[in-house]
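Here are my notes for a first look at this one. Have the model open while you read, and take the points in order.

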Amino acid sequence: MAMKNKPAKQAAVPAKEKAAQPDNEKTEKLALHTTEDSGQLMTTNTGTRINDDQNSLKAGERGSTLLEDFILREKITHFDHERIPERVVHARGSAAHGVFQVYESLSAVTKAKFLQDPSKETPVFVRFSTVAGSRGSTDLARDVRGFAVKFYTEEGNFDLVGNNMPVFFIQDAIKFPDLVHAVKPEPDNEMPQAASAHDTFWDFISQMPESAHMIMWLMSDRAIPRSFRMMEGFGVHTFRLINEEGKSSFVKFHWKPLLGVHSVAWDEAQNISGKDPDFHRRDLWDAIEAGAFAEFELGLQIVPEEDEFKFEFDLLDPTKIIPEELVPVQRVGKLTLNRNPDNFFAETEQVAFHVGHVVPGIDFTNDPLLQGRLFSYTDTQLIRLGGPNFQEIPINRPIVPVHNNQRDGYMRQTINRGKSSYNPNSTGNNDPAQAKAAEGGFTSYPERIEARKVRARSKSFFDHFSQARLFFNSQSEPEKNHLIDALSFELGKVNDLNIRERMLGILAQIDKGLAAGVAYAIGVSVPQTPEQPMNRSIPADGDPADFQPVQVESSVAKSEALSMANTIKDSIKSRKIAILAADGVDTKSLSTVKEALLAAGAVVEVIAPKQGPVIGKDDEQVMANHSFLTAASVLYDAVFVPGGINSVASLEAEADAVHFLNEAFKHCKAIAADEEALQVLEATYFSKKLPSDDNDDTVLKEGIVISNDAASLAKKFIAAIAQHRFWEREKPRKVPA
Ligand code: HDE
């Protein structure tokens, strides 16, 4: 055998983090499928050793090339077939391995074994994604993020295939292809890539009032996260949990990031898309390599079966949340992402998630979107992964053995023995046998259903605006402004003024001020009487009057959990901080601040006019990680300018350095400078807004620290960075009364 199987990756893990690495069956199982080429000789795919991988076989030195060259043909043929269809949605993604551990047994509500034992670690593989863009598109598109978790449990795989927003655009799966066609690049000219800011998307949305709530989320900063590690996740649909006695409870699944929920600014997102389109992918990868593992708590909102009709919304409607004020989120366990994939294609690209991958103790509801998804995910793998054996690909295999009578198909890996590939049989003793419920056999919840067969939508699904309004009302002032800006950007890129106007009609149903703000920015008036019928998603023989939205008042006026302003702001762990320096820099101050930032868990990079050593004022050297050519303000969370007369003079004269600070200020980031470096800040557009003191309160309000004491500066700077952003710096929006 030319290839040697050995657990890969271990060596790449920093020694201090080794203890925290997943040490479990799945890791070992996956490792069996990894190859380690070091010290090996090159072979063809049939194992013949290759002597010359540089030159094809030719008739003489100058050709022609011979058809006989099986080595050349094998290599080129493999290369020609290296691409598989990208996912039709969620094509752009990044993933990581990790573990999940429950805090306390959840046996009261579910019999799922991986939710019983707090000492047990369940291996997981998590893929984050955007929805609209192609595989090579930017990470920072304004979009929903996928948050798909595969738990490799001892009872088989459970996939929680969620998003970073808790609701969805549509209520019935039959509209999904329409939604996706509308948001994807337009079919005639394939523009724009990974963007919803175009006519077809808003044409569709403006005729689908059921998407109003989701649009609020999509136009909020939730759609431009700072990091995959700093966003929430949601199962969206209401699922069921079933306990050992067969009792069912409704459940909504949540993921709560331990670093809080944070986003970037829209202008920043667009710049990042140019400077580093892999920004989120790199952030996740680098953080895990550095041992700053991504951590999320699993949250459950549990509703007893008997409370199904207690709410003013329908639990089966995927355009609704259950406000946390009505049913609190119980944090029941922790997900830790602690290992990067070994191979992007084999793992991240070939992983196949499916809402239908469940284990005993977890079951479905009749949410019509969920029901449609139960069909779609297997179907899509058949085309993407080329046949029915995709479950045999290492990343998709469960950690428990698979036994059934399924056979054959493209790329079958298992070599099944014996004659019996059917049941009942006597040739094979009826093995494998069906599992009794007591042996862990899956039994569906016997929900009572008595109904006519109809194509219809429940009347309880027709309140489209109350929760859109709840979301808007729950936002802080800057968040509301960002929402207005985002809608103004998106509708401002819509060419058809009728679409703009129709959309303003929908916004006016949510909040008059919101509609007026957007109308002002895009130069179109809010229609006095919104065009009827607003809902164009009506069957051919339907009476439009039966399909109009109904107005409902939410029993919750404002929900804290919906605003990112209320998130945790206590850590700068894994935040990226830039230090601007040039020759003559005060290395003492630089290293005092740097050390303090590192000790608080941040990543620090020195940026100078050129790469290589920067010579300090006392001849000490500091290495520049980047020059202004390879770095940009938008790739950092905060910036510090140390003193040193010559360094300060060079930076003041360096347009890129001043631009760096201007952008950091514009994007509301924490900024610090030694008093000696004040003149660099005075060269910026915000020079008139520099704070008059460095009291803790002023720093926490304005996010700028200027001090002549490096140790005290570092302390205040750290507190400011932990605030994430100082959105109050932005101009108030002009909205007509
Ligand atoms: Fe998906 N979705 N979806 N979706 N979805 C896919 O499956 C689909 C929906 C979500 O990282 C596809 O393997 C339908 C809601 C994620 O690999 C496809 C409907 C939510 C991912 C598919 C929905 C999601 C997908 C494309 C409406 C949040 C990426 C590739 C009925 C709860 C998983 C694939 C990964 C992927 C169908 C709606 C989340 C085509 C028909 C709602 C995170 O099967």
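1. Start at the ligand, where Gln-381 has a polar side-chain atom 2.9 Å from one of the ligand's oxygen atoms (I call N or O pairs within 3.5 Å polar contacts). Ser-376 does much the same, with a polar side-chain atom 3.0 Å from a ligand oxygen, and an N or O atom in the side chain of Arg-127 sits 2.6 Å from an oxygen of the ligand.

2. A word on ground rules: this is a predicted model, so local features need pLDDT of at least 70 and side-chain atom pairs pLDDT 80 or more, while totals for chains, interfaces and linings use all residues. Residues are numbered from 1 along each chain as its sequence is written, and side-chain values use heavy atoms, with hydrogens and water left out.

3. What holds the iron atom of the ligand on the protein side? Tyr-377 is the only protein donor, through its OH at 1.9 Å; donors here are N, O and S atoms within 2.8 Å of the metal (3.2 Å for Na, K and Ca), and with water not among the atoms, a site may look incomplete. Tyr-377 is part of helix H9.

4. Now widen the view to the shell: 22 residues surround the ligand, counting those with a heavy atom within 4 Å of it. H9 (368-384) supplies at least two of them, as do strands S3 (145-153) and S4 (156-163), and H9 gives the most, with six. Helices are DSSP runs of H or I with at least four residues, and strands are E runs of at least two, numbered from the N terminus.

5. Zooming out, the protein has 19 helices and 18 strands. Its C-alpha atoms fill a box of roughly 90 × 80 × 60 Å along the principal axes. Of the 737 residues, 52% are buried, meaning under 20% relative accessible area (exposed is over 50%, partly exposed in between, with a 1.4 Å probe and protein chains only).

6. Two peptide bonds deserve a look. The one from Gly-63 to Ser-64 is cis, with omega near -5°, and Ser-64 is in the loop between helix H1 (25-31) and helix H2 (70-80). Asn-423 and Pro-424 are also joined by a cis bond, omega about 5°; Pro-424 lies in the loop between H9 and helix H10 (466-474).

7. Last, check Asp-408, a non-glycine with a positive phi of about 65°. Asp-408 is in the loop between H9 and H10 and is exposed, at 55% relative accessible area.

Definitions and conventions. Polar contact = N/O pair within 3.5 Å; in protein donor to acceptor, adjacent residues only side chain to side chain.
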